[in-house]
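Student: Can we go through this model together? I have the sequence and the coordinates open.
Tutor: Go ahead and ask.

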Amino acid sequence: MPDIDLSVLDLTTLIILTLVVNLLVSAYMALLARLQPQQTAFRHWALSCVIFVLASALAAGRLYQVPALLSVLLAHALLALPPVLIGTGLLRFIHGPQYRLPRTALILCAAGYLLLLSAGYTVLHSAAVLNAAAITAGCVWCIVLLQAVKKPLFVSRLLQLVLALHALTMLAEIYLYLNHWHSVLPPQASALMQLMLLSHLLLTTVAAVLLPLLFFISREQLLRQQADLDELTLLPNRRHFLRESSAYLMRNNSQAPVVVMMLDLDYFKAINDTHGHATGDAALKQVAGILMAELRKTDFIGRIGGEEFAIVMPDTTADDARAIGERLRHQVEQQARTVEGKAVNLTISIGATYSQSERVTDFQTLLKRADDALYEAKRSGRNNFIFHLAQ
Ligand SMILES: Nc1nc2c(ncn2[C@@H]2O[C@H](COP(=O)(O)OP(=O)(O)OP(=O)(O)O)[C@@H](O)[C@H]2O)c(=O)[nH]1
């Protein structure tokens, strides 16, 4: 294997490069924090870079006879903060900007670390070893936190990988110091220092790209989800339901039987007028809950109008549909006698149709047939289920 020549990147060049990259990344994160003030995670990540630069500048003071209190104790105290700030930023990102950070646990960890650091910082290498151990622990904490970020998976896994690499470099540093506990590090150790700085550069650069990407992709997904859902019942809204149902029928090449049902709450206007709009809303939620509890995961339910729901049931026969429709009607009649403690005696009317065995690609035709059946159910006195077979 050819030797890797790191001499072109001497230690001073690498240190300067790392500091400049960190300053640029902190400015970038600060800009994002200004653009997205509600996402406080960016502030944590910007601060982590600034603190790293400050701590590195203090540590460099060792070359210029700056007292150990500043160049060793304070520098190492600050150097442990960046991974913690990445972690607290991740907590805010995962649980929302209002998330209350585990302050007591963080203060206890900081106090323990500072105590150990101040007790032994005058002993050769002890501050460096403690610091490397703290950074390793911080990286592991961030890796664990990122386990909760499932979307987009490749971004969180990539971040975990880079954090793991950084933790490994820190462990190698600890190993090196422990092997030369009573003496200064040999000249070859500068290669490890270079590796450590390179690993830090990699971590900072990757984090600068991936953390905002994580935020923007997940926000985009959330917005898309919200645009597809009905705010009150959290069921798919009319637009999403119609789009997905049509797409499903277009794909349904297996000629599997499909049932389409439409449901409408009976005399709902009277419930609103008598008990108020809030009770009407609660009734709608209650019916949506009954539908979700009674139907299979594969059945697609949507709220397609004010007090109107529709359901597409794949792989369902006409006999099944009759039994399901009757069951739904009965469950609403039983469970929605009262809503929020008020006697509303809510019932529903249901119309349904069936694609039979022919391949039906036109969802609108099926929906119209189900709507005609619903109209009949209403006309025949409500609290009724009518099934239309195709002509
Ligand atoms: N509380 C509440 N009411 C709604 C909502 N959307 C629509 N409505 C009301 O639902 C009522 C529907 O009234 P109608 O179309 O006359 O139907 P109905 O009273 O249920 O009568 P039938 O369907 O013929 O049994 C209207 O008063 C709407 O204002 C909603 O999101 N919340």
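Student: At roughly what angle do the axes of helix 3 and helix 6 cross, and within how many Å do they come?
Tutor: The axes of helix 3 and helix 6 (residues 126-146) cross at roughly 10° and come within 9 Å. That makes helix 3 roughly parallel to helix 6 (angles under 35 degrees count as roughly parallel, over 145 as roughly antiparallel, 65 to 115 as roughly perpendicular and the rest as oblique). Before we go on, this is a predicted model: local features need pLDDT of at least 70, side-chain atom pairs count only at pLDDT 80 or more, and totals for chains, interfaces and linings use all residues. Residues are numbered from 1 along each chain as its sequence is written.

Student: How are the helices and their axes defined?
Tutor: Helices (H or I, at least four residues) and strands (E, at least two) are DSSP runs, numbered from the N terminus. Axes are lines fitted to C-alpha atoms, for helices over the stretch in contact, and angles run from 0 to 180 degrees between N-to-C directions.

Student: Which residues make the contact of helix 3 with helix 6?
Tutor: Helix 3 brings Val72, Leu73, His76 and Leu79, and helix 6 brings Ala127, Leu130 and Asn131; two residues are in contact if their C-beta atoms, placed from the backbone, lie within 7 Å. By class there are five nonpolar, two polar and no charged residues in that contact (Ala, Val, Leu, Ile, Met, Phe, Trp, Tyr, Cys and Pro count as nonpolar, Asp, Glu, Lys and Arg as charged, and the others, Gly among them, as polar).

Student: And helix 3 with helix 5: parallel or antiparallel?
Tutor: Helix 3 (residues 68-79) and helix 5 (residues 103-120) pack at an angle of about 160°, with axes 10 Å apart, and are therefore roughly antiparallel to each other. On the helix 3 side the contact uses Leu73, His76 and Ala77; on the helix 5 side, Leu114, Leu117 and Ser118. Those divide into four nonpolar, two polar and no charged residues.

Student: Now the N-terminal pair. What angle do helix 1 and helix 2 cross at?
Tutor: Roughly 155°, with the axes of helix 1 (residues 11-35) and helix 2 (residues 41-60) coming within 8 Å. Helix 1 and helix 2 are therefore roughly antiparallel to each other. Among the residues in contact are Leu19, Leu23 and Met29 of helix 1 and Phe42, Trp45 and Phe52 of helix 2. By class, this contact has 15 nonpolar, three polar and one charged residues.

Student: Switching to the sheet. What is the strand order?
Tutor: The sheet is open, with five strands in the order 2-3-1-6-7 and mixed pairing; two strands pair if DSSP finds at least two bridges between them. Strand 2 (300-305) and strand 7 (385-388) are the edge strands, each pairing on one side only. The twist averages 20° from one strand to the next.

Student: How do strand 2 and strand 3 pair?
Tutor: In the antiparallel sense, over five bridges, with strand 3 covering residues 308-314. Strand 2 and strand 3 form a hairpin with two residues between them. Gly305 stands opposite Glu308 in strand 3, and Phe300 stands opposite Val312.

Student: What does helix 11 lie across?
Tutor: Helix 11 lies across strand 1, strand 2, strand 3 and strand 6 (348-354), running at about 155° to strand 2.

Student: How many residues does helix 11 give to the shell around the ligand?
Tutor: Four, and helix 11 gives the most to that shell. Strand 1 (258-265), helix 10 (268-275) and helix 11 (277-294) each supply at least two residues.

Student: Which residues come nearest the ligand?
Tutor: Of the 16 residues around the ligand, Asp266, Phe268, Lys269, Gly280 and Gly306 come nearest; a residue is near a molecule or strand if its C-beta atom, placed from the backbone, lies within 6 Å of it. By class, the shell has five nonpolar, four polar and seven charged residues.
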